[in-house]
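Let's take a casual walk through this one, starting at the surface. Have the sequence and the 3D view ready.

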Amino acid sequence: AAATAAFVVLRFLNGYGEPDAWAPHARGPAFSLMAFVNTTKYPPSLMFLLMTLGPALALVPLLERWRGVGSDVVRTFGKAPFLFYILHIPLIHGAAEFKWWLVARSHDGFRYWNPSTWPEGYASPLWHGLLATVIVLALLYPVCRAFVAYRRTHAQWWLSYL
């Protein structure tokens, strides 16, 4: 709670971190409000850490008591975080490559990092991204679950790193 309060106070005073926390945005008041939480993620600024770790630490006691199917799914991913991390990157990249091929009907060099090079129709609405997230989680959940079960019954030294 103290970290979250420190973020709000420091950001409200606008004397530390990214300037212009309260500057009006040309796209309207909603974007002006979003500027309040627009902090530097890489490298992590103090404001970013206060804004993210404060609420996360405040949620720990609540999440420790969470039970049910949802908590089992989250715990499964939490027991194999590095495995999930190293698998989700090629999976998402492959899906983006496939979408590029579907839209552009060619593979003339996948250049997803520069939107000005995207073919017409490549940009997607937000719900496509959310659906992709659900699909990636659904595909990787059984893999992580099987790995957690395997690790429970085997004692190889390298398993602790995944």
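## A nonpolar patch

Helix α3 (residues 46–64) gives the largest share of the nonpolar surface patch, with three residues. Keep in mind that you're looking at a predicted model. The patch is made up of L59, L62, L63, W66 and V74, and together these have about 460 Å² of accessible area.

Now pick out V74, which sits in helix α4. Is V74 buried or exposed? Neither, really: V74 counts as partly exposed because its relative accessibility is 47%, and that label covers the range between under 20% (buried) and over 50% (exposed).

## A positive patch

There's a charged patch on the surface too: R67, R75, K79 and R152 form a positive one. Where does R75 sit? Look in helix α4, which covers residues 69–79. R75 has 37% relative accessibility, so it counts as partly exposed.

## A histidine in a loop

Next, find H25 in the loop between α1 (2–13) and α2. With a relative accessible area of 38%, H25 is partly exposed.

Try comparing H25 with N14. They are eleven residues apart along the chain, and 16 Å separates their C-alpha atoms.

## How confident is the prediction?

The chain has a mean pLDDT of 84, with 95% of its residues at 70 or more. Which helix has the lowest confidence in the chain? That's helix α2 (residues 29–36), with a mean of 79. Confidence is highest in helix α6 (residues 126–153), at 93.

Terms used: Residues numbered from 1 in each chain as written. Predicted model: local features only at pLDDT ≥ 70, side-chain atom pairs only at ≥ 80, totals over all residues. Heavy atoms only, no water. Patch = residues over 30% accessible without salt bridge, like charges linked within 9 Å, V, L, I, M, F, W, Y side chains within 5 Å. Areas by Shrake-Rupley, 256 points an atom, 1.4 Å probe, with all protein chains shown as cover. Salt bridge = Lys/Arg side-chain N within 4 Å of Asp/Glu carboxyl O. Lys, Arg positive; Asp, Glu negative; His and termini not counted. Charge placed at Lys NZ, Arg CZ, Asp CG, Glu CD. Helix = DSSP H or I, 4+ residues; strand = E, 2+ residues; numbered from the N terminus. Buried < 20%, exposed > 50% of the residue type's maximum accessible area, 1.4 Å probe, protein only. pLDDT = per-residue confidence, 0-100.
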